[in-house]
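Work through the exercises below with the sequence and the structure at hand. Try each task before reading its solution.

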Amino acid sequence: MKNILITGGAGFIGSHVVRLFVNKYPDYLIYNLDALTYAGNLENLNDIENAPNYTFLKADINDANSIQDLFQKYRFDSVIHLAAESHVDRSITDPLSFLKTNIFGTVNLLNAAKDLWKENFSSHLFYHISTDEVYGTLGETGLFTEKTGYDPNSPYSASKASSDHFVRAYGETYGLPYIISNCSNNYGPNQFPEKLIPLFINNIIEKKPLPVYGDGNYTRDWLYVIDHATAIDLTFHKGKIKETFNIGGFNEWKNIDLVKLLCGLMDEKLNRPKGSSEQLITFVKDRPGHDLRYAIDASKINTQLGWKPSLTFEEGLSKTIDWYLNNTSWLKNVTSGAYQEYYKNQYKK
Ligand code: NAD
Ligand code: DAU
């Protein structure tokens, strides 16, 4: 029996990782620890909430004492750490909460793991889920490799970069076994509609403006979330300790081209006249410190672990849109209340 702690499992990527592990490994005990912030939603896990190998623990990684107590009580063998503040725009208005959760919260988990495992580190793993944003921005060419130097530009990416450094430092200083993976932009079901794709799907449904930052010529590398979960599963089981793996979709899109593709698909699926969603595109004030381009060289995880994305972008985007159109009550629940206030402040002229 393995006792695996997954943090942030009620969020977007975490919920797909929890589901995959609960269903695929009935002999593992999966503990999902989440503070249920605005981004955490247990509705994401309705289908597995009663599984015999699944336990939800409501806790805040910023609370060092509770984290220590939970490690001592459940004696986790391994950790897959996803809990974080994850939205760049929120980090620009409130950097401190990113510093607290992403850096202090991660260090609280590292301390609890170190204290529990220190007699014998073998057969344990602290797997830290990070982002390609730690590498900063690319120009028109080139790819981020595992050897690219860290050069974060936003409070979010600075906090994630710092947490990566702490994980590595605990490996070097205390011998804590760790792996880090740095992934590109995820999309898919259950993503909170503050991020580009679900926000624009929601706005198209509601016939609201589509706020494209700057000139829209920013490039991201998109990966379907379940392909990220599969990469996490492989890396967790087969990745070499103290290594870093870049994960990406080999799938670069300029924002404006992606938005036009999305608009076309939405017109078809909503039976609206061709071109009607595109008319909602509105160019708005740019994001401060906006990184021009991210693109991942995922050849290491491909050659060492045999991972590659399973879906084309058109397939993934089509499945994603279908999910949102079939789950309008999920979308309504998460866009009521505090979301309205966030939206008003973020997109005011
Ligand atoms: P998300 O915002 O959807 O979910 C984050 C989860 O963490 C939520 O369930 C939230 O309740 C929980 N959480 C936040 N603060 C917490 C705290 N103090 N204590 C306990 N739980 C807390 O995020 P996501 O997009 O699923 O990202 C998950 C991880 O993957 C993050 O570490 C993020 O940096 C990383 N990542 C995300 C992407 C992406 O494109 N979304 C890409 C690469 C890496
Ligand atoms: O690269 C991995 C990262 O991808 C993750 O670490 C982050 O957690 C995740 O949020 C994501 O960061 P981005 O900033 O790239 O994602 P976002 O969806 O916020 O924005 C994608 C692009 O779209 C970016 O260039 C900004 C632009 N954008 C975004 C929003 C929300 C707009 O033009 N308008 C918008 O309203």
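**Exercise 1. Find which element gives the largest share of the shell around ligand 1, and describe that shell.**

Solution. The model is a predicted one.

Step 1. Strand E5 supplies three residues, the largest share of the shell around ligand 1.

Step 2. E5 spans 125–131, and at least two residues each come from E5, helix H1 (12–24), helix H5 (155–174) and strand E7 (185–187).

Step 3. The shell around ligand 1 holds 29 residues, of which Ile 13, Asp 34, Ser 86, Tyr 156 and Lys 160 come nearest.

Step 4. Sorted by type, the residues of this shell are 14 nonpolar, twelve polar and three charged.

**Exercise 2. Which protein atoms lie 2.9 Å, 2.5 Å and 2.7 Å from an oxygen atom of ligand 1?**

Solution. A pair of N or O atoms counts as a polar contact within 3.5 Å.

Step 1. For 2.9 Å, the partner is a polar backbone atom of Gly 11.

Step 2. For 2.5 Å, the partner is an N or O atom in the side chain of Asp 34.

Step 3. For 2.7 Å, the partner is an N or O atom in the side chain of Lys 160.

Step 4. As for cover, ligand 1 on its own has 830 Å² of accessible area, and the protein covers 96% of it.

**Exercise 3. Describe the shell around ligand 2 and its polar contacts, and explain why ligand 2 lies between two domains.**

Solution.

Step 1. Ligand 2 is surrounded by 25 residues, and the closest are Asp 132, Glu 133, Tyr 156, Arg 287 and Tyr 347.

Step 2. By type, eleven of the shell residues are nonpolar, seven are polar and seven are charged.

Step 3. Three side chains place a polar atom by an oxygen atom of ligand 2: Glu 133 at 2.7 Å, Arg 287 at 2.6 Å and His 290 at 2.7 Å.

Step 4. The protein covers 95% of the 690 Å² of accessible area that ligand 2 has on its own.

Step 5. Helix H3 (88–93), helix H6 (196–205) and strand E8 (210–213) are the elements that give two or more residues to this shell. The largest share, three residues, is from E8.

Step 6. Residues of the shell come from both domain 1 (3–187 + 222–247) and domain 2 (196–219 + 253–292 + 312–339), so ligand 2 lies between these domains.

**Exercise 4. How many of the ten residues of H6 are buried?**

Solution. The cut-off for buried is under 20% relative accessible area.

Step 1. Eight of the ten residues of H6 are buried, and the helix is mostly covered.

Step 2. The buried residues of H6 include Ile 197, Pro 198, Leu 199 and Phe 200. Ile 201, Asn 202, Asn 203 and Ile 204 are also buried.

Step 3. After H6 comes Lys 207, which has a positive phi near 55°.

**Exercise 5. Where are Arg 75 and Lys 242, and what is the sign of phi at Arg 75 and at Lys 242?**

Solution. Most residues other than glycine have a negative phi.

Step 1. Arg 75 sits in the loop between helix H2 (64–74) and strand E4 (78–81). Its phi is positive, about 50°, although Arg 75 is not a glycine.

Step 2. Lys 242 sits in the loop between helix H7 (225–238) and strand E10 (244–247). Its phi is positive too, about 70°, and Lys 242 is not a glycine.

Step 3. Partly exposed covers the range between the 20% and 50% cut-offs. Arg 75 counts as partly exposed because its relative accessibility is 46%. Lys 242 counts as partly exposed because its relative accessibility is 41%.

**Exercise 6. Is His 228 buried or exposed, and what does its side chain contact?**

Solution.

Step 1. His 228 lies in helix H7.

Step 2. Its relative accessible area is 1%, so His 228 is buried.

Step 3. The side chain of His 228 makes a polar contact of 2.8 Å with the side chain of Asn 186.

**Exercise 7. Which strand is joined to E10 by four bridges, and how do the two run?**

Solution.

Step 1. Strand E6 (residues 178–183) is joined to E10 by four bridges, and the two run parallel.

Step 2. Ile 180 has Thr 244 as its bridge partner in E10.

Step 3. E10 is covered on both faces: Thr 244 and Asn 246 are buried on one side, and Phe 245 and Ile 247 are buried on the other.

Terms used: Residues numbered from 1 in each chain as written. Chains lettered and ligands numbered in written order. Predicted model: local features only at pLDDT ≥ 70, side-chain atom pairs only at ≥ 80, totals over all residues. Heavy atoms only, no water. Near = heavy atom within 4 Å. Polar contact = N/O pair within 3.5 Å; in protein donor to acceptor, adjacent residues only side chain to side chain. Areas by Shrake-Rupley, 256 points an atom, 1.4 Å probe, with all protein chains shown as cover. Nonpolar A, V, L, I, M, F, W, Y, C, P; charged D, E, K, R; others polar. Domains from an automatic or database assignment. Buried < 20%, exposed > 50% of the residue type's maximum accessible area, 1.4 Å probe, protein only. Pairing = 2+ DSSP bridges.
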